[in-house]
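Hi,

Here is the structure I promised to pass on. Have a look at it first, and then read my notes underneath.

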Amino acid sequence: MGFFLLAIPVLAVLLFLFFKKEKLLYMISVSASICLIIVAVLITRQVMLWGKVEYSSLGGIFYLDALSIIVLDIVLIIGLMASIYSVGYMEEEIKQGKIKIGRLKIYYILMYSFIFTMILALTVKNMGIMWIAIEATTLASAFLVGFYNDRYALEAAWKYVIICSVGIAIALLGIIFLHLSSIGVLPSSDYLDWTALYDQAEALNTSIARLAFIFILVGFGTKAGLAPMHTWLPDAHSQAPSPISALLSGVLLNSAMYGIIRTVAIVNRNLGSGVYTGRLLIALGILSMVTAAIFILTQKDYKRLLAYSSIEHMGIIAIAIGIFTPLSVFGGLLHMINHSFTKSMLFLSSGNILQKYHTKRISGIKGVLKLLPVSGTVFLLGLFAIAGMPPFSIFASELSILASIFAIKSFFLGLVFVILLAVVFVGIALNLFKVFYGPAVENNLSPGEVNTPGLMAIVTLLVVISLTGIVIPNELKVLITNAQSIILGG
Amino acid sequence: MRNIVYIVVQILVIMLVSPLVNGIIRKVKAFSQKRKGAPLLQMYFDLFKLFKKNSVVSDVSSWAFKVTPYIFFSTALAAALLVPVSTIVTPQEIPGDIIMLVSVLALGRFFMMIAALDTASTFGGMGSSREAMISSLIEPSILVSLFTVGLICQSTSMQQMMEAMKGTGIPLFHPVYIMVFLALFTIILAETSRIPVDDPATHLELTMVHEAMLLEYSGRHLALMELGAAIKQLVFITVLVNLIFPHDQLIAITGISAVVLSLFLYLMKVIFISIAIAFAEVFTVKFRFFSIPNLAALSFILSFLGFLQYFVLGGSNV
Amino acid sequence: MSNYFDALSVLILFSSFILMANKRIKSYIKTFRIQSLLIALAAGIMGIKGSFEEGRIDILVVCLLIVVLKVIFIPNLLNKTYANIEYKVEKDFILNIPILILMCCALVVFTYFSLSTIDGINAGIINTQVVNSVSVILIGLLFMISRKKAIGQIVGFLVIENGLYITALFSTHGMPFIVDVGIFIDVITAVMILGFMVFRINEKFESIDIDKLNNLRG
């Protein structure tokens, strides 16, 4: 079954290579995503039944457990939404003459290579191959970031590739050190194997493992957009086409965070406590939240604002993992899911706004609710959601993280956390809420939605985040609890 | 007695071999340019001719100009006495070490620069200011690289360092010595006015350094300066070959034939290094004067890396 | 045997110093080629040793890959890229070279002092090699910071990658084979993508000076 996970994107890429017609490309893309979702549902069921799924092919490098299935499901669901949305988005782009029809093919090939590399990163248990796959995500998405091929997009793409490649190279150094710490402990067939490393974690060389963690945190942290390594993120997110921004923010950051979480699990088990990793993670997390809060307050570009908000939420997840209690890890994983859904919904609806107004500057946009009734509403509600208002799901996860902070009695951290959330809320309200007011027709823009398939996607996401904010499905709860026990051990 | 033998052998070998090094380098360079070149022994003829001639001294110059050739030559010779050509012929005790070596050479250089300034010719002043810059850039790396070897050998005496190096197998495969070797090689190029730094064959006013300082000298004085420079060059080559390619441990016999064999091996090594220097000259171009700090920095880094490797390796297990 | 590796590791480290002292893009590429050759040599010696002692040939295969990719293919690709963009003589580095070299030196000392406190690495002879190869990574990073031209940054990235490879080779005698090969594929793709982008940057900005990439801020 797991074979299909990797085979479907490859097959889709091959099909894109052979076909040229626009409609056909859309069809292949959407159906490939739907197939992936079906496979994902089946595998999720298997994982829920057996705890983990292992495949013996290729030396047994494929492995799925509750943690990876959570991130994998996020990848596939956001992937589906992005591919449905892309249909309308790309049609409109071609109509507006922003891209040529021939480039559509390249877009889809790159997009599915991107999805493929992310699936690969999440389904292997060998840390080395996971690294390779995460580096490959950068390479696959480089031209997607620079897709519009103008000066800005090129600059963003160059920064993205250089910073992420170097960052991830540092993560490789960390993985090499992790490997070094396990020499003499593991048999050579189990080198770099996550499960083996985790089982034998107590026997690893402690000081090398600590060193390895720093490098891996900095390396994957670059990819996850933690400050101060975040500088590529606002550029890449704002210059990429909107569906790709949604994938980058909702999915790619999680894949990198997944790498950090796996390492944290090993290192904490080796050290016997979460204090060492916790301090580093919380420091980076707070720094990310501070950076994001400052830039959100002064932001003039709404896509960049959303990108900074992603940095903030990655910081929150890092803090949650850093606290390392059952409640905080639960909250962190839940937050990962909620943030992905909410943020990709926001990026997708901002794509509609961009296509309508042709500007990324907040000051150039007025009266969204009148011109784009559906996207505007979703965008407005999404902003409330991302800022942490009830009843949306982010409120629930942020609350549980906050509760876990106060449960370990670090009141200062809790206070800072709350203040930063408030500052971010103020920033979003101050900057973005003005787009909903004002005269509707200022520069001869006609009202009406442009992207009907896209509306479906964003409304679905809105429904999901509203419902999970009120009640978390039992299956999800079980999955997260399983993942939490994988991370915490025992 | 041993001391007298040592001094005689040392002075004879150094004085006789040093012009040959220049001859070899010139010959190899000539071959590389498809010329026949001057005879191998040309420098001997030149010196012989110059020694027969009187020297002309400018009447505006002071005593410094006249004493410098003798001081320069004698400091070079004194330096030569600190660096044994063979560890078989050794004195009872040499009252001097590498610090002495460097400072004796610096004394000679100081007088040379003073003399070049003394005649008040433009080239002399230019040459000495450049020489001052180059030597101040290169000197740290000489000291650091020799100290590194000294640290390993637990002595700063050149003779004891050479003795100790005999026991290290093939030092060139050792991270410390490989760095020291490269550093010393660069130092030789810089100190003896070889091509990346200075061009010994040119009298082009813009580029010359060493030649500019000798411009006012003639006859006997010039011969002394030239020979002194050649001796200085051989001293550095001797330091290099005897530290990095020790040869006396290969000689099983004793007595006078051992001395001859040892000196023969020494001569071979010197010829080898001379050819290497010639190749280095052929394959590089002269640097812009302001790029010389880069070369000096690299040579310093070489010696410093060698020094660092010594500590990284843990010192005692070298 | 480890003496050879010590000597090679220090030569590789020194080659990155030479890289730092280089002024022209052509010489960056040449120095990178030499460095890769030294790494291939180290991998070759280790591979021959491994194949005699344990019967594994994977390091030899990797050595062959290094020769083909890093010694021949990537430098040629970079040369071709460089030949195709408009040539302009511009000062490429931000600080002057002696200062940069002394900074590299400080990096080596820093690496030494930070790694010497780690007890697992400190044991035995591995120390020298690991210190040297980790220093190569840091020097690669400094090289990227110090050069303004896009190709200089690519070379810096490749030097970082070289440093990673020798760290893995010297400290753990090579990663698992499939990981090594995967890393190579990634590096090749990255270099090709970056080389392609250099073309585009040259087209759009009429220079490959990345200081010009400063439109996106805040």
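**What I found**

Let's start with one residue in chain B: leaving aside neighbours within four places in sequence, Val144(B) is in contact with Phe300(B), Ser303(B), Phe304(B) and Phe307(B). Before going on, please keep in mind that this is a predicted model. Val144(B) is found in helix H5 of chain B, which covers residues 122–153. Is Val144(B) buried or exposed? It has 20 C-beta neighbours inside 10 Å, and therefore counts as buried. If you want a distance to check in your viewer, try Leu206(B): its C-alpha atom and that of Val144(B) are separated by 31 Å, with the two positions 62 residues apart along the chain.

**Chain B against chain C**

Here 17 residues of chain B are in contact with 22 residues of chain C. On the chain B side, helix H7 (175–191) and helix H11 (292–312) each supply at least two residues. H11(B) gives the largest share of that side, 11 residues. As for character, the side of chain B that touches chain C divides into 14 nonpolar and 3 polar residues, with no charged ones.

**Chain C against chain A**

How many residues does each chain bring to this contact? Chain C brings 36 and chain A brings 35. On the chain C side, at least two residues each come from helix H5 (119–122), helix H6 (126–146), helix H7 (150–172) and helix H8 (177–205). The largest share of that side is from H8(C), with 14 residues. The side of chain C that touches chain A has 22 nonpolar, 9 polar and 5 charged residues.

**Two helix pairs**

Two packed helices are described by the angle between their axes and the distance between the axes, so that's how I've noted these.

In chain B, helix H1 (residues 2–32) and helix H9 (residues 219–244) pack at about 95°, and their axes are 8 Å apart. Angles of 65 to 115 degrees count as roughly perpendicular, so H1(B) and H9(B) are roughly perpendicular to each other. From H1(B), the contact uses Ile14(B), Met15(B), Val17(B), Ser18(B), Pro19(B), Val21(B) and Asn22(B), while H9(B) puts in Ala230(B), Ile231(B), Gln233(B), Leu234(B) and Ile237(B). By type, the residues of this contact are 9 nonpolar, 3 polar and no charged.

In chain A, helix H11 (residues 242–271) and helix H13 (residues 302–323) pack at an angle of about 20°, with 11 Å between their axes. H11(A) and H13(A) are therefore roughly parallel to each other, and H11(A) passes H13(A) in a right-handed crossing. Residues making the contact include Ser245(A), Leu253(A) and Ile261(A) of H11(A), and Lys303(A), Met314(A) and Ile321(A) of H13(A). The residues of this contact divide into 8 nonpolar, 3 polar and 1 charged.

**The core**

Which residues touch the most other members of the largest nonpolar core? Among its 360 residues, the answer is Ile70(A), Val75(A), Ala157(A) and Leu240(B). Helix H7 of chain A (residues 151–182) gives this core its largest share, 22 residues. To see one of those well-connected residues in place, go to Leu240(B). Setting aside neighbours within four places in sequence, Leu240(B) is in contact with Leu184(B), Phe185(B), Ile188(B) and Ile273(B).

Cheers

Definitions and conventions. Residues numbered from 1 in each chain as written. Chains lettered and ligands numbered in written order. Predicted model: local features only at pLDDT ≥ 70, side-chain atom pairs only at ≥ 80, totals over all residues. Contact = placed C-beta atoms within 7 Å. Helix = DSSP H or I, 4+ residues; strand = E, 2+ residues; numbered from the N terminus. Nonpolar A, V, L, I, M, F, W, Y, C, P; charged D, E, K, R; others polar. Axes fitted to C-alpha atoms, helices over the stretch in contact; angles between N-to-C directions. Parallel < 35°, antiparallel > 145°, perpendicular 65-115°, else oblique. Core = buried A, V, L, I, M, F, W, Y, C linked by C-beta atoms within 7 Å. Buried ≥ 20, exposed ≤ 12 C-beta atoms within 10 Å, placed from the backbone. Left-handed = near helix turned anticlockwise from the far one by under 90°.
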